[in-house]
Amino acid sequence: MKEKLVVIGNGMAGMRTVEELLKIAPDAYDISVFGEEPYGNYNRIMLSPVLAGEKTIDEIMLNDLQWYKDNNITLFKGVKAVDIDRKKRTVTGDDGKAVPYDRLLIATGSSAFIIPLPGHDLPGVIAFRDIADVDSMLEAAKTKKNAVVIGGGLLGLEAANGLMEQGMNVKVVHIMDTLMERQLDEPAAKMLQANLEERGLEFLMGAQTESIEGDGKVEKVRFKDGTEVDADIVVMAVGIRPNFELAAKVGIHCERGIVVNDTLQTFDPVVYAVGECVQHRGKTYGLVAPLFEMAKVCANHLAKHGIGLYEGTVTSTKLKVTGIDLFSAGDFTGDETTEDLVFKDESRGVYRKLVVKDNIVQGTVMYGDTIDGTWYFDLMRDKTDISDFRSTILFGQAHLGDSGHGDDNRVAAMADTAEICGCNGVCKGDIVNAIVDKKLFTLDEVRAHTKASASCGSCTGLVEALIAHTVGGDYSVAPHLKPMCGCTEHSHDSVREEIKKQELKTMPAVREALGWDTPDGCPKCRMALNYYLLCQWPTEYKDDSQSRFINERAHGNIQHDGTYSVIPRMWGGMTTPQELRAVADVAEKFNVETVHVTGGQRIGLYGLKKEELPAVWKEFNDAGMVSGHAYGKALRTVKTCVGKEWCRFGTQDSTGIGIKLEELSWGSWMPHKFKMAASGCPRNCAEATIKDFGVVCVDSGYELHVGGNGGIKVRATDFLCAVKTEEEVLEYAAAYMQFYREDAHYLERTAPWIERVGLHRIKEEIVDDADKRKMYAERFYVAQSVAQDDPWKERVDGGEKHEFTPLKEIRG
Amino acid sequence: MSNWIEVGSLNDIPKLGARVVRTDKGDIAVFRTADDEIFAIKDECPHKKGQLSQGIVYGKKVACPLHNWNINLDSGEAVAPDEGCAATYPIKMDGDKIMLSMTPNDGCPNN
């Protein structure tokens with residue numbers, strides 16, 4: 001017989017946990033749910049737009065009644081759980097029925113805090129918490145005129161804005177001198193207040209309410225200073241309180257909420273609790289992102305997979321008032337140990353503040369233009385050292401040298417037909433509709449459903465902003481905690497760490513040791529694991545060709561029609577009449593349709609059939625040419641200018657150093673493609689400052705540059721250091737490549753990698769400490785000692801023959 | 001009635017890999033999973049005709065090399081949220097021999 005899971009509470013936290021559980025263990029339990037409200041599960045944080053008339057209740061439903069049926073979940077709709085018998089393991093509803101459980105999940109959420117003022121129980125005093133509250137407000141707005149909102153926090157302002165949109169005169173009463181003091185500092189709060197006043201809200205700041213007056217219904221609100229204002233309704237929005245009365249009553253340990261451990265268990269080990277009703281590590285939460293993280297961990301333990309710990313959430317806040325962009329996260333007040341970085345442009349209505357300690361972002365407040373909120377939030381959660389771009393950080397990510405999407409930052413104001421994802425042609429309307437219709441909450445979900453941001457990723461910030469705008473928050477986990485793929489909860493970093501620590505040397509060993517959910521992984525993790533193992537155990541690991549993308553199996557780039565390209569190496573962009581003759585001969589012999597001079601200073605032949613590849617390669621091998629790896633996550637090309645050998649401006653032998661760099665590094669597998677260049681003087685004809693590693697020759701030696709990118713997001717390199725000799729250039733290059741190989745995530749180019757870990761860190765490893773540098777370089781040489789066999793020659797000699805011949809031909 | 005044609009033996013196909021059978025009506029991809037199950041599907045992704053035989057095989061699925069659609073090997077159906085279907089062909093083992101029928105199964109369009 002199946003075990004029984006009873007859930008008390010039909011809100012976002014409880015149902016998200018059930019959804020996560022159904023995903024990983026659909027048949028583990030018979031599930032029943034007690035839900036006090038007479039609805040399915042809806043997105044509570046979107047009640048504000050409902051009140052403002054921008055959305056309907058139907059649009060914010062997450063799980064309708066059919067969903068419960070489809071998943072065989074018994075929903076006790078409109079039934080309040082009133083008792084738990086922990087010995088007999090039953091839950092009793094207010095209809096008198098007792099329901100048995102093997103495991104119990106409490107997700108009773110929180111309720112609005114009503115200040116017990118005289119008159120607080122008069123008809124017309126409303127909280128702002130559920131659909132019923134919104135209904136009473138909407139009803140009141142039809143006939144009544146004056147509304148008073150007590151509370152100038154997030155909820156109060158959203159309620160006030162909603163009522164104003166419904167045509168009421170709204171006064172906001174706030175006991176503090178500035179609005180949203182828990183999310184905003186004073187300058188941002190003042191800008192917000194001015195903006196809301198312009199829209200027609202009135203504010204009574206620093207006002208202490210004494211009583212609510214009225215005869216049988218609300219008529220007035222009176223303050224301690226004796227003044228009064230007229231009120232037909234009073235919305236009390238001063239805060240929320242975790243609902244834990246039921247848990248406390250039956251002896252489950254509670255403090256300010258139901259106390260849970262990192263696996264979301266209460267002091268009774270068969271009773272779990274998630275959401276706003278819990279207290280975890282001394283904290284209670286009133287936002288959605290933590291609920292989602294808790295749900296995931298809790299579901300995992302309910303499914304008895306026993307992995308994952310909830311370690312608390314760093315939260316961010318966004319006000320859901322159309323036309324007002326506001327973002328805050330972390331510690332934005334600071335203290336004597338922190339510094340403030342501030343940008344303020346009042347006439348444009350833009351304000352940004354970052355609180356920084358030892359060059360680590362501690363918190364941020366943004367008003368007016370919040371497109372970079374996600375970026376700051378990521379920097380904060382990943383504790384990135386910002387010293388290298390501190391001088392421009394307030395101008396946003398676009399000023400890190402990337403040309404990105406420029407000014408297209410006000411997603412709210414964009415037309416539905418505006419194209420967001422240029423790769424896949426996805427418009428704003430498509431994305432918003434998918435988010436609403438398919439109930440999407442995360443970037444990955446949006447990518448799966450719409451393909452937006454799924455190719456080059458340059459629109460990721462815009463898509464994230466759209467998600468936040470449409471469902472009201474940022475639900476992503478901190479990047480360094482993101483699971484590698486759907487097969488595991490482990491992040492890239494933790495997988496690499498475990499491979500090293502536990503000496504895992506095969507893919508099945510990794511999957512076994514780290515508890516993979518799938519027997520043979522997925523394309524995402526197989527390619528990454530194959531690389532990580534190869535990088536960690538270069539002389540031992542046997543490459544798994546079935547875990548490589550076709551280009552790396554066929555050693556050519558697959559084209560849209562299924563043919564391949566062949567691009568032989570031309571060392572440092574140098575060639576000879578013999579090589580050119582070989583290229584011409586092959587092109588004629590195999591009727592090559594397209595011969596193209598590539599951006600990496602070599603010649604590509606396009607349109608070759610897969611079966612022809614070994615024969616083509618043989619011709620090239622015979623002419624002394626090898627694979628250019630133009631198809632791989634590997635060293636691609638080293639672009640050069642002719643340098644001092646010919647150029648009147650040349651300062652060093654840039655071609656020579658280019659060839660040596662290419663000889664050093666060809667054949668090495670990398671997290672992503674890797675390009676180099678060497679220019680003979682600062683005029684930089686080889687464009688070394690948009691390469692992964694660039695050398696600019698100067699009179700006194702060589703400048704080394706790292707982390708450039710000429711692709712999706714143009715990014716100029718960061719200056720690493722200057723060195724005197726060619727030997728040093730080669731050693732630094734080897735060490736830098738090895739550090740990148742060992743540290744970056746699979747499919748992470750050097751540009752985003754450096755932005756993530758900070759140039760500072762790279763200097764620490766490669767420049768500041770000569771011993772470390774030599775160790776990295778040494779490890780690179782070891783890896784290269786087994787990597788520099790021409791893959792073309794191996795196949796010409798008969799390797800992997802099955803790859804290039806059909807299984808059978810059936811004709812006639 | 002299926003006409004079974006021998007197309008090779010199990011060891012001709014790498015585990016978690018595929019090989020192609022060339023026919024006058026187009027290529028058929030023959031897949032082998034980790035536990036030696038075999039499947040035959042028209043070698044054309046329902047999305048933009050990518051060669052599924054060139055994709056990465058995992059579980060009972062293959063990821064198309066062109067745009068990473070995932071196709072179920074047993075049904076030929078794309079994994080949601082993508083929608084589409086590639087024709088499947090009857091295939092079986094006879095001892096070590098792989099036997100293929102050129103008459104596609106019902107269910108997916110085969111044009």
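The following exchange concerns the contact between chains A and B and the nonpolar cores of a predicted model.

In this model, local features need pLDDT of at least 70 and side-chain atom pairs count only at pLDDT 80 or more, while totals for chains, interfaces and linings use all residues. Residues are numbered from 1 along each chain as its sequence is written, and chains are lettered from A in the order in which they are written.

Biologist: Which element gives the most to the side of chain B that touches chain A?

Modeller: Contact requires C-beta atoms, placed from the backbone, within 7 Å, and 26 residues of chain B meet 23 of chain A in this way. Strands are DSSP runs of E, at least two residues long, and helices are runs of H or I of at least four, numbered from the N terminus. Two or more residues come from each of β1 (4–9), β2 (17–23) and β5 (56–58) of chain B. With six residues, the element that gives the most is β2(B).

Biologist: In β2(B), which residue is the bridge partner of A:Ile810?

Modeller: Strands pair if DSSP finds at least two bridges between them. Strand β38 (residues 808–810) of chain A pairs with β2(B) in the parallel sense over three bridges. The partner of A:Ile810 in β2(B) is B:Thr23.

Biologist: Which helix gives the largest share of the largest nonpolar core?

Modeller: Such a core joins buried Ala, Val, Leu, Ile, Met, Phe, Trp, Tyr and Cys residues through C-beta atoms within 7 Å, buried meaning 20 or more other C-beta atoms within 10 Å. The largest core has 143 residues, and A:Leu192 is one of those touching the most other members. Nine residues of this core come from helix α8 (residues 288–302) of chain A.

Note on methods
Contact = placed C-beta atoms within 7 Å. Buried ≥ 20, exposed ≤ 12 C-beta atoms within 10 Å, placed from the backbone.
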